[in-house]
Each structure stands twice: as C-alpha cells, then as structure tokens.
Amino acid sequence: PGAAANPLPDEKTAEQIARGFLQAYAPDLLPMMNVQWIKAHTDEQYTDGQNQFRINGMKVKCRNKADGTYFWVIVGSDNSVIVFERDIEWDFIRAGRQTEKWLHDDWLKKHKISFAKN
C-alpha cells in the first residue's frame, strides 16, 4: 500500500512486464492473447477485513481468443506484478463478471467469507 501514490509504468512497459510474467507462469495464454486495453486500475483492499487501503497498478486486460475468457495482469508502480487473474467469464446479459472474485475483498465481505489470517 505504501507504493500506491508512486507513478505507474507506462502502457508499453506494463505490457512488456505482463508478457514476461505470462511467459514464465502461464505460457499457454500467449498464443491466444488479444490485448483489450491497458490503463490505470485501483482496488480497495483490507488488511484484516476492516482497515482499508488502496492499491494502484496498470491493468493489462486480455481476451483468450481460444475460449472467450478474459485474463489480466496488473503491474505495480515498482514494475512488479501485483495481480494475475485468468479464466474470467463475463455475463454479457447482466453486463457483469460471472466468475467468483476470490481476490477481491469487497466480494468476500458481500458473501460473508472470512479473510485469511496471517
């Protein structure tokens, strides 16, 4: 959270870092990768389910041309990958995400799921 106010990488840098991350950890996605957009992204998170803080990054949002699902990599201000999600299904009728949001604290609170303890 301390890096949230620092400048974010530009779009080109964020995409290069995302591609490098995918090459190392999810190379199966690269041949079917269609970049939808790259832009700044902010999430509100909780340290313990109550104390809120903000994380910022450049989100490289992609669509898998093989199956139509979405995936993304969010690159932080220090050029590290702070979020990676894959196999995200979209409900076009409801205009919302269909896949559970296990990495999103607001979704956990809404569904009354306990936060992990350190």
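**Contacts around Asn 56 and a ring cluster**

I begin with Asn 56, whose side chain makes a polar contact with the side chain of Thr 42 at 2.7 Å; a polar contact is a pair of N or O atoms within 3.5 Å, where, within protein, one must be able to donate a hydrogen and the other to accept it, and residues adjacent in sequence count only if both atoms are side-chain atoms. Please keep in mind that this is a predicted model, in which local features need pLDDT of at least 70 and side-chain atom pairs count only at pLDDT 80 or more, while totals for chains, interfaces and linings use all residues. Residues are numbered from 1 along each chain as its sequence is written, and side-chain values use heavy atoms, with hydrogens and water left out.

Asn 56 is buried, with a relative accessible area of 19% (buried means under 20%, exposed over 50%, partly exposed in between, with a 1.4 Å probe and protein chains only).

Now to the rings, which pair if the centres of Phe, Tyr or Trp rings (for Trp, the six-membered one) lie within 6.5 Å, planes under 30 degrees apart being stacked, over 60 edge-to-face and the rest tilted. The count comes to two aromatic pairs. Phe 21 and Tyr 25 form a tilted pair, 4.9 Å centre to centre with 35 degrees between the planes. Of these residues, Phe 21 is buried at 18% relative accessible area, whereas Tyr 25 is exposed at 61%. The rings of Phe 21 and Phe 84 have centres 5.3 Å apart and planes at 65 degrees, so this pair is edge-to-face. Ring pairs thus link Phe 21, Tyr 25 and Phe 84 into a cluster.
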